[in-house]
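Let's work through a few short exercises together. Please have a look at the model first, then try each task before you read its solution.

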Amino acid sequence: MTELETLRHSCAHVLAEAILRLWPEAQFAAGPPVEQGFYYDVDLPHRISPEDFAKIEAEMQKIIAADQPFERNVVSRAAAMELGRAGQLAALGERGVPSRYKLDILENIAEGEEISLYRNGAFTDLCAGPHVASTGQIGAFALTAVASAYYKGDESNPQLQRIYGIAFAAPEELAKWREMMEEARKRDHRKLGKELQLFHVDEAVGAGLILWTPKGAVVRQELQNFISEELRRQGYEQVFTPHIGRLELFRTSGHYPYYADSQYPPLVERETLHRLAEEGCTCADLAHRLEKGEAEGYLLKPMNCPMHIKIFASQPRSYRDLPVRLAEFGTVYRWEQSGELNGMTRVRGFTQDDAHLFVTEDQMGAEIQGCLDLVKKVFRAFDMQDYRVRLGLREPGSDKYVGQAEDWDRAEEACRQAARTLGVPYSEEPGEAAFYGPKIDFVVRDVIGREWQLGTVQVDFQLPERFDLHYTGADNKPHRPVMIHRAPFGSMERFVGLLIEHFAGAFPVWLAPEQARVLPVSEKVADYAQEVAAELRKAGVRVGVDTSQDKLGAKIRLAQVEKVPYMIVVGGKEAESRQVSVRSRKAGDEGAHPIESFVERIKTEISERVL
Ligand SMILES: [Zn+2]
Ligand SMILES: [Zn+2]
């Protein structure tokens with residue numbers, strides 16, 4: 001835990017103590033720190049609502065003012081069980097009922113592991129720690145939300161109330177955080193996405209499935225064009241693959257059944273269903289047979305890799321053909337819990353900016369470097385200069401990894417070298433590699449200081465084995481290629497969600513769904529307005545005309561609300577002189593210009609992707 005996490009987790013203890021003072025029957029489960037603060041899961045007949053927060057916070061304030069020291073006590077399992085049965089874990093003292101969740105947590109602590117209790121004031125909790133020295137070190141805090149959560153995230157377990165809070169060492173930090181949250185609320189892509197008609201989620205289609213409406217589709221298409229241009233420059237080849245594939249394919253890759261819980265269930269072939277029905281097969285039998293490979297079916301693809309692998313393997317490859325770089329904006333499907341879904345950033349169907357590189361070991365370094373160059377270029381294009389990378393390396397001494405140690409050394413060194421050249425901070429995280437290879441993750445900080453985990457570049461020694469891939473080397477013998485998976489921006493959904501918030505919906509001209517809007521001051525100049533729009537359209541500009549009867553002021557306001565980068569005001573004077581009055585979102589009124597010069601200017605801004 002970081003220092004801040006320790007402070008926040010300590011505040012969770014304070015929260016529990018305060019709740020117990022108000023509702024002595026409360027039962028607590030887990031209370032860890034999270035990215036945005038901390039929470040504690042509580043089982044309580046009273047439904048806690050934000051109206052209760054002031055009351056709970058007042059109690060917490062008293063506990064902090066009392067500056068209760070946190071005392072650590074190591075106890076035997078038997079002693080801890082005894083306390084749990086007496087209801088004394090996560091409690092203020094003895095109670096008539098056992099501390100049922102704590103008892104369960106206790107039972108899941110591995111044999112031989114130390115069991116520690118922490119006490120502050122009258123409150124004792126089963127906890128591994130660490131905590132701050134005393135409650136007084138919590139300088140500022142606030143309760144932020146309450147949600148429901150199943151115990152251990154399992155729907156068959158009881159539903160608990162998850163109370164979220166935030167804490168800092170100093171009040172100024174909390175004030176700054178509140179400001180940031182207010183800004184984040186204004187920029188929320190779910191809110192802006194609706195207002196600006198960028199995307200839609202419809203119950204009838206399904207939760208977590210994004211409908212890209214025309215305006216959002218423009219943003220995505222422009223973004224894909226931009227990334228594709230860069231990929232072509234780097235020698236990638238575009239491919240397309242279907243959304244479903246046979247279960248057998250994903251059995252070979254290992255995606256099924258190992259990750260079955262995070263996937264949509266398989267689709268079963270009609271004949272198989274008939275046959276099994278005749279045999280009187282139950283649903284449980286069916287699931288079992290699918291898993292065992294005794295019944296065939298299809299899977300909505302959770303990953304694009306196996307299909308790209310089949311394209312690679314579709315013809316003999318020589319070392320002269322490598323690297324083979326196959327790119328696809330490939331749509332994949334994952335089963336996220338409904339409580340985890342969030343706008344465009346946590347969804348069930350998404351399109352990865354995916355690519356797979358099949359390379360020789362010697363080519364690995366340069367290819368990883370290429371992936372990072374692309375990331376750098378794209379981030380620069382959006383003025384996201386504040387990002388960092390995490391290197392996931394293998395855990396020293398562990399034997400859970402596939403592949404040769406020398407290959408790993410080489411791959412890790414290649415990742416390290418590539419990360420170094422980025423000129424941004426990077427951290428090495430031993431133990432964070434996948435079992436099949438090291439990886440590089442990207443974390444970008446947006447304009448209001450929030451971090452977004454984007455995509456990854458990942459070296460893979462395993463899939464080439466599982467699919468028995470090879471190429472013919474210079475020695476005329478078969479060799480195993482190394483695979484690199486890379487989806488640096490994660491998915492189009494997530495990236496566009498981030499961009500909406502980053503730009504607060506005010507996209508740069510090249511991305512804006514409507515790049516310019518012609519505003520005729522009266523009906524008399526309606527024809528001229530259409531003429532101007534036609535000129536712009538001819539130049540490839542996405543242009544609209546406000547033909548409403550509204551006053552000019554109202555038209556300008558609407559265009560501003562809709563975040564159109566350029567407003568082109570035309571009246572009698574402009575019509576006569578073949579000019580347009582330009583109002584830009586950035587500079588305001590820019591005066592009258594000949595049509596041609598404005599067309600040239602906006603064309604340049606678009607092609608150069610000016611911010
Ligand atoms: Zn604790
Ligand atoms: Zn992949």
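The exercises below go from the whole chain to one small sheet.

This is a predicted model, in which local features need pLDDT of at least 70, side-chain atom pairs count only at pLDDT 80 or more, and totals for chains, interfaces and linings use all residues. Residues are numbered from 1 along each chain as its sequence is written, while chains are lettered from A and ligands numbered from 1 in the order in which they are written.

**Exercise 1.** Describe the protein chain as a whole.

*Solution.* Begin with the extent: the C-alpha atoms fill a box of roughly 90 × 70 × 60 Å along the principal axes. Next, burial: 37% of the 611 residues count as buried (20 or more other C-beta atoms within 10 Å of the residue's own, with C-beta atoms placed from the backbone). Finally, the secondary structure comprises 19 helices and 28 strands (DSSP runs numbered from the N terminus: H or I, at least four residues, for helices; E, at least two, for strands).

**Exercise 2.** Examine how domain 2 meets domain 3.

*Solution.* First find the bounds, which come from an automatic or database domain assignment: domain 2 covers 211-241 + 319-502 and domain 3 covers 244-300. Then count contacts (C-beta atoms, placed from the backbone, within 7 Å): 6 residues of domain 2 touch 7 residues of domain 3. Their C-alpha centres lie 29 Å apart.

**Exercise 3.** Trace the sheet that contains S12.

*Solution.* The order is S12-S14-S13 in an open, antiparallel sheet, where pairing requires at least two DSSP bridges between strands. S12 (244-246) and S13 (267-268) are the edge strands. S12 pairs with S14 (residues 297-300) over 3 bridges, and Arg246 has Tyr298 as its bridge partner.

Technical notes:
Two residues are in contact if their C-beta atoms, placed from the backbone, lie within 7 Å. A residue is buried if 20 or more other C-beta atoms lie within 10 Å of its own, exposed if 12 or fewer, and partly exposed in between; C-beta atoms are placed from the backbone.
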